[in-house]
Amino acid sequence: MPEKVQAPRGTFDVLPDDGRARLRLLELSEAIFGRANYGPIETPVFEATELFERGVGETTDVVEKEMFTFDDQGGRSLTLRPEGTASVCRAYVEHGMHKAAQPVKVWYWGPFFRYEAPQAGRYRQFTQVGVEALGSDDPSLDAESILLLAELLELAGARGIRFRVSSLGTAATRRAYSDELREHLRAREDQLSDDVLGRLDRNPLRAFDSDHPGTQAALRDAPRLLDRLARDDAEHFAEVRLLLDDAGLEYELDGTLVRGLDYYTRTVFEVESTELGAQSALGGGGRYDGLVELLGGPATPGVGWAAGVERILLAAKEPVEPARPSVFVALADGAAAAAAFALARDLRSRGVATELEQAGRSLKGQMKHADRLGAAHVVIVGESIEIKDMASGEQHAVATMEDAVAELA
RNA sequence: GUGGGCGUAGCUCAGCUGGUAGAGCUCCUGGUUGUGGUCCAGGCGGUCGGGGGUUCGAGUCCCCUCGCUCACCCCA
């Protein structure tokens, strides 16, 4: 017997019940983003490897160890996209969108890929929904972006939501602050955990994520990034917060918030759900004012976020209503099969959700099947044409197929 | 990459110290020679993840391996 082939590690099949839940979330996204005038955008699932190396940052975990990279037959290095923002910025540059009216607002939904060990809420192929607004650094865009995410999560029914918001300032202030923090930690090296010590050169800010007691002690009187923001950045952040407060969003100000990608500047945010396991982040994002320029475009500010579709659904976990036909066409006589088939098509063309017998079952089996499907009516086609109301059990004959259609449509 | 848990029917699982592979649900058929929801009877469905070893005999014990899963790291 041939060996069974399984879906690759870290991937999954979406079966119809789950598919309906995902489709609902997609439709919800379209409605929310559409009325805020964000347009749908699609970019390729694979891109030149260089796009992510440059855009996301060479030393990030994503680029260093999580990319699905391969050479095509022409020897070009391609990578299955690990995130969406770099691609959107690439498209913005490639299509000269800086000449369109600014800001350019887009939203996307699609598969992303990271080579990691799978666990609850983490897959190698996963789905993200996200929004981006490019071409203006107005703080209202930051606030709008965050509030769109909050609205999506609320309407999706995600439970246990917690927002954290901060500002990283410009790349320059962050660099200066990193140096300052690194020196502070170096002076307390003996208290730090090995992890933190190992990352000290590359990314000292990560130390704040550690729950190691010694590290925490060493950080107690450490300088804080929010106190080091340049005046512009501090004012910008204050305005963002004002708008969020006015909108009534509940969030935590968290000066230790560090995101895993290099391109963030100024506003950053993350949402998590207490309903999830260890992978509790539902989504996150922020402002990336240097990214478009880094990718060869004109200096262009931008802000946006991405959220994990599987994780939102995990945090919402609403029971899915199975789809049910309103009519089931049963066959009492094999000779009527063609007529029954035509009847089903006719009903469907009039918008009636219709299922028909296509498995050679006995009439009893068909009735049982129709009942399990939850059909409201069964049309029994044979020597006569009968319409049965499944709830009441009442049944009557009609003269022609046309009469049956007229009654059920 | 590292560590814990788990792999027996499509699904959920039982199978005590080794002795002829089971249950419930699902699906199909029949009880009702053209009629569902309850009930009853029957049927389909298994290389017990794979390989090797011990044994008269292995789902059960030993070794290896593969897969799933949770966690660390990091993140969606």
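In which sense do strand E5 and E6 pair, and over how many bridges? Keep that in mind as you open the viewer; the tour gets there after a look at the whole chain. One reminder before you start: this is a predicted model.

**Stop 1: the whole of chain A**

Show chain A as a cartoon. Its secondary structure comes to 14 helices and 16 strands. The radius of gyration is 28 Å, well over the 22 Å that the globule rule gives for 409 residues, so chain A is more spread out than a compact globule. If you turn the C-alpha trace onto its principal axes, you will find that it spans about 90 × 55 × 50 Å.

**Stop 2: the sheet of 8 strands**

Now pick out the strands of the open sheet with the order E1-E5-E6-E11-E10-E9-E7-E8, where the pairing is mixed. Strand E1 (39–40) and strand E8 (252–253) stand at its edges; each has a single partner strand, so one side of each is left without a neighbour in the sheet.

Select residues 104–113, which form strand E5, together with E6. Here is the reply to the opening question: the two pair in the antiparallel sense over 10 bridges. For a landmark, show Phe113 as sticks and look opposite, where Gln125 in E6 stands.

Next, add residues 139–156, helix H5. This helix lies across E5, E6, strand E7 (161–167), strand E9 (265–273), E10 and strand E11 (302–308). Its direction runs at about 15 degrees to E11. Then add helix H9, residues 231–246, which also packs on the sheet and touches E7, E8, E9 and E10. H9 makes an angle of about 35 degrees with the direction of E9.

**Stop 3: the sheet of 5 strands**

Move on to the open sheet whose order is E13-E12-E14-E15-E16, again with mixed pairing. The edges belong to strand E13 (354–356) and strand E16 (395–398); each has a single partner strand, so one side of each lacks a neighbour in the sheet. From one strand to the next, the twist averages 25 degrees.

Select 327–331 (strand E12) and 377–381 (strand E14): they pair in the parallel sense over 5 bridges. Val329 makes a handy marker, since it stands opposite Val379 in E14.

Two helices are worth colouring here. H13 lies across E12, E13, E14 and E15, and runs at about 170 degrees to E12. Helix H14, residues 401–408, packs on the sheet with contacts to E12, E14, E15 and E16, and its direction makes about 20 degrees with that of E15.

**Stop 4: RNA strand B**

Finally, display RNA strand B and the 47 residues that surround it; the closest are Arg122, Arg199, Arg206, Arg259 and Met390. Which part of the RNA meets the protein: of its atoms within 4 Å, how many belong to sugar or phosphate? The share is 55%, and the rest belong to bases.

Three contacts to zoom in on:

- Arg9: an N or O atom of its side chain is 2.9 Å from a phosphate oxygen of RNA strand B.
- Gln128: a polar side-chain atom lies 2.8 Å from a sugar or linking oxygen of the RNA.
- Gly308: a polar backbone atom is 3.3 Å from a sugar or linking oxygen of the RNA.

Zoom out and colour the elements that give two or more residues to this surface: strand E6 (125–134), helix H7 (194–199), strand E10 (281–287), helix H13 (363–373) and strand E15 (385–389). H13, which you met at the previous stop, gives the most, with 7 residues. Colour the surface by class to end the tour: 13 residues are nonpolar, 15 polar and 19 charged.

Note on methods. Residues numbered from 1 in each chain as written. Chains lettered and ligands numbered in written order. Predicted model: local features only at pLDDT ≥ 70, side-chain atom pairs only at ≥ 80, totals over all residues. Heavy atoms only, no water. Near = heavy atom within 4 Å. Polar contact = N/O pair within 3.5 Å; in protein donor to acceptor, adjacent residues only side chain to side chain. Helix = DSSP H or I, 4+ residues; strand = E, 2+ residues; numbered from the N terminus. Nonpolar A, V, L, I, M, F, W, Y, C, P; charged D, E, K, R; others polar. Pairing = 2+ DSSP bridges. Axes fitted to C-alpha atoms, helices over the stretch in contact; angles between N-to-C directions. Contact = heavy atoms within 4.5 Å. Rg over C-alpha atoms; globule rule 2.2 N^0.38 Å.
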